[in-house]
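Please look through the sequence and the model below before reading on. The report that follows takes up one helix, then the contact between two chains.

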Amino acid sequence: MKENTDLERRRFLQASGVALAATTVSANVATGADNNEMCQAPALNSLLRKATLPRPRGARVVIVGGGWSGLTMAKYLRLFNPGFDVILIDRQSAFVSFPISNSWLADQVDLDFLSHSFFDAANNHDYHFMQATVLGFDRETRRVYTEKGFVDYDYLVLAPGIEYDYGRIGIEDTEAQNLLFHRYPGGFVSSSELLTIKRKIHRFSGGTFLLNVPNGDFRCTAAPYERACMVAALFKRQRVRAKILLLDMNAEIRIKKAGFARAFAELYGDYIEYLSSSEITNIDIEGRRVETEFDEYDFDDAIIYPPVRASRLIEDNGIASPISPQKAANTDPFRYHLLDDERVYVTGDSRSQPFSKGGHTAHSEAQYVAEVVAAHALDKEVRWRSPQTMCFSAVDIDPLRAMSIITYYKFSDKTGEFAFDRTHLIERWDTQGGQASLAWAEGMYRDMFYS
Amino acid sequence: MNRIHITLCYSLCILVLVFSSKLAAVEPIRVVLEFTPDLDNGRRSFEICARCHLPEAWGNDDGTYPQIAGQHVNVLMKQLLDIRSGQRANPTMQPFVQERTIGGYQNLSDVVAYISTLPMNPMHNRGPWPVDSEEYESGKRLYRQYCISCHGQYGEGKNELSYPRLQGQHYTYMKRQARLARDRLRRVAPVMANLFTTLSEQDFDQVLNYVSHLPVPASDLAPDTAWRNPDFK
C-alpha cells in the first residue's frame, strides 16, 4: 500500500509539477521527489486518492472543460457510442454562456437565458459531471489528477479553452496582471467577469470608457466590436454623457467590417471613437492611463480584453506545439489527437488549427471529434469535415437587431493551410437577425443541455 | 384568418391521430395547405433559413445539411412542422421554426414554396460505387423492390403524399439519416422503420448509392456550382 502511494506520488509529481506549485503544497514537495514526510500533507493525500465516481460501464472517456466543446463532446460521445462511460469535468459549478452575453449586458435577455446547469446536461444525456479543477495528467498510466482525487481514462479529451496573455499588452509583472484582471476584466473566461462588467456599464456616470480589440486569434472575433455597440446603445438609452474609446490593436475591423463601421457612424457617432492600429504597450492601472505605441489616453473606466493563449494545462503538461504562437496543443489537424498519443484529443479553443474561437465552431467541431473518438474505439475511420462557424453580432437594442456570418474552412494542399470557405455574410442589421441570434442560442443550449 | 387557423389545426390533429394509430402504416399522411403562397414574402422569410442553409439551400456534401432546394412543398412543410413540434428531433433548428421566429402558417407556406422553386445543386454528393458496378446494380434491384412504389422510378417522390424527392439528395446526408433512423434517433414513418429490420446496413448503403446516382432533370438544376442565388446579392 505504502509502495503504491509512493509510486502514485512520483507519477503525480511528474505529471503535474508546475500545476502543483500553484497549490498550497510546499514547493519542497514539487521539487524533491523523495520527501516522504511532505507526502503526509493532507492537501497532497486528497490528490492521490481515487475520485468518487460511479463504476465505469465501459471504456471511459474523460473530458476536461465543460464549455461548448466539452458539453457537446459529452453528449455526442454517448450518442455515437452508447458503450462509452463519459465523465465531464469542469471547475465551475454552473454554466454561463459567453455568446449572447453582450446582448445580456444591454438588457436584451436575462441571466436565466444564459445560465444552465451541468447536472441537467449530464442527467439528460446520461453521463457524469464532476466539479473539480484538473491539475495535470499522466499519459503513461492514463490518469487525470484533480483536487478531488484522480480519474483513470481510456480516452482523454482536453477542451480547457483559453487564458489571457497580459504579457502581450506590456504587463509582464504577475501582480500587475492580477490587479488588471480584477479591476478591468475582459469578460471572456469566467462568469464573475461578466457580472462585474454589467455593473460597471450600468453604473457609469460619464467620461471616457475604454474598450479594446486584441490581436492574434482571440475568442469570438466580432465580440469586442459588438460589445462597443451594446455599451454605446446602453449609454444612449440612459443618456449618459460618455465617450467609448475603442482601441483596436489590428489595422482594421477584423470581421463584418462594413456593418460595424456603418453602425459606429450611423448609430453611435456621438459615442464611439474607433481607433485602428492602436497597439497597447502599457497600462497604468492606478493612474487609469493606457499607452499605445504613439499615444496615451486617460480613461474613467474600462474593459480590457488582452490577447489570449491556450489554457496553461496544455503547456504545463508538455503537449504544446513548439511552433504555436499561442501555445496551442501539438495535434493532428484532422484527427485532433496528440501527434504521439491517439488516446488524447484536444478540441475547442485550445486547438492548434486557426479556426474561429467561438461557441458555434466548438459545437460543430465537437460533433465531428466525438465521431472520431467513437470510430477509434472500433478501429474505424471518419472522413474529415470542416467545422462550421456561425456568428451573430448585435448592433442595436429595443428591439434587438443583429448581423450574421456563416463560414466553413477548407484545407489547401498547396499552401498547407486552412482558409475560409463558402462564407455567407449578412451585414445589414435587422430584427429578424436579432430574433435569429436568440433562436440560435436557444437551439445550442437545447442541444447541449436538454434534448 | 381565425377560421383558416382552425381548419389547419384540425388537419394537424388528424395528422397526430394518424401518427399514433396503427393505421399509420397504411394511411397516407397528408399535410393540407390552405394558404396561397406568396413567393416574395417567402424569399424574405427564407433569409432566416439562409443564415444556416446558405442562400442556395444546396446542403453540404459532408452530410450535415440536406439539399432542400427543389424539394416538394408538402415534404418541406411536414418536416418543418415535425421539427416545430419535436416529432422530429432537431434541437438546434427547433427554435428557428417556432412561430415567434419564422412566423405563422402563412409564412411557412410562403417559405416552403420559395425553397421548392430554387434550382438544385448540380454536383451533389454521390455514393462510392459508379453506375454499372455490381454494388450499383444490387442497389437498383433493392430500390425497385422496396422503394419505387413510394419514391418513384426516378426518385422523384410524391408531393401530394409528402414522399420526399430523393434525386439530388447528398449520399452522405441520406446515409446519416438512415443511421439515425436505424439507431432510433430519428423517428420515421412505420413503413420506413420496418425497412431497417428487413435490409442490412450494406443493403441500405447500396440503395442509397443507387439513389444518389439517379439523374436530376436538367431544367431543375443550376447551370453550375458557381451559381449564386441572385435574390441574396
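## A helix and its span

What does H2(B) span between its end C-alpha atoms, where a straight helix of 15 residues would span 21 Å? H2(B) spans only 18 Å, although 21 Å would be expected at 1.5 Å a residue, the expected span being 1.5 Å times one less than the number of residues. Helices here are DSSP runs of H or I with at least four residues, and strands are runs of E with at least two, both numbered from the N terminus.

At Glu47(B), H2(B) bends by about 40 degrees, a bend being the angle between axes fitted to the seven residues ending at a residue and the seven starting there. Just after H2(B), Leu54(B) takes a positive phi of about 70 degrees.

## How the model is described

This is a predicted model, in which local features need pLDDT of at least 70 and side-chain atom pairs count only at pLDDT 80 or more, while totals for chains, interfaces and linings use all residues. Residues are numbered from 1 along each chain as its sequence is written, and chains are lettered from A and ligands numbered from 1 in the order in which they are written.

## Where the chains meet

In chain B, 18 residues are in contact with 18 residues of chain A, contact meaning that C-beta atoms, placed from the backbone, lie within 7 Å. Helix H2 (residues 39-53) of chain B gives five residues, the largest share of the side of chain B that touches chain A.

What covers the buried residues of H2(B) includes strand S22 (401-412), strand S23 (417-430) and helix H15 (431-450) of chain A, together with helix H4 (99-102) and helix H5 (105-117) of chain B. Among those buried residues are Phe46(B) and Ile48(B), where buried means that 20 or more other C-beta atoms, placed from the backbone, lie within 10 Å of a residue's own.

Definitions and conventions:
Two residues are in contact if their C-beta atoms, placed from the backbone, lie within 7 Å. A residue is buried if 20 or more other C-beta atoms lie within 10 Å of its own, exposed if 12 or fewer, and partly exposed in between; C-beta atoms are placed from the backbone.
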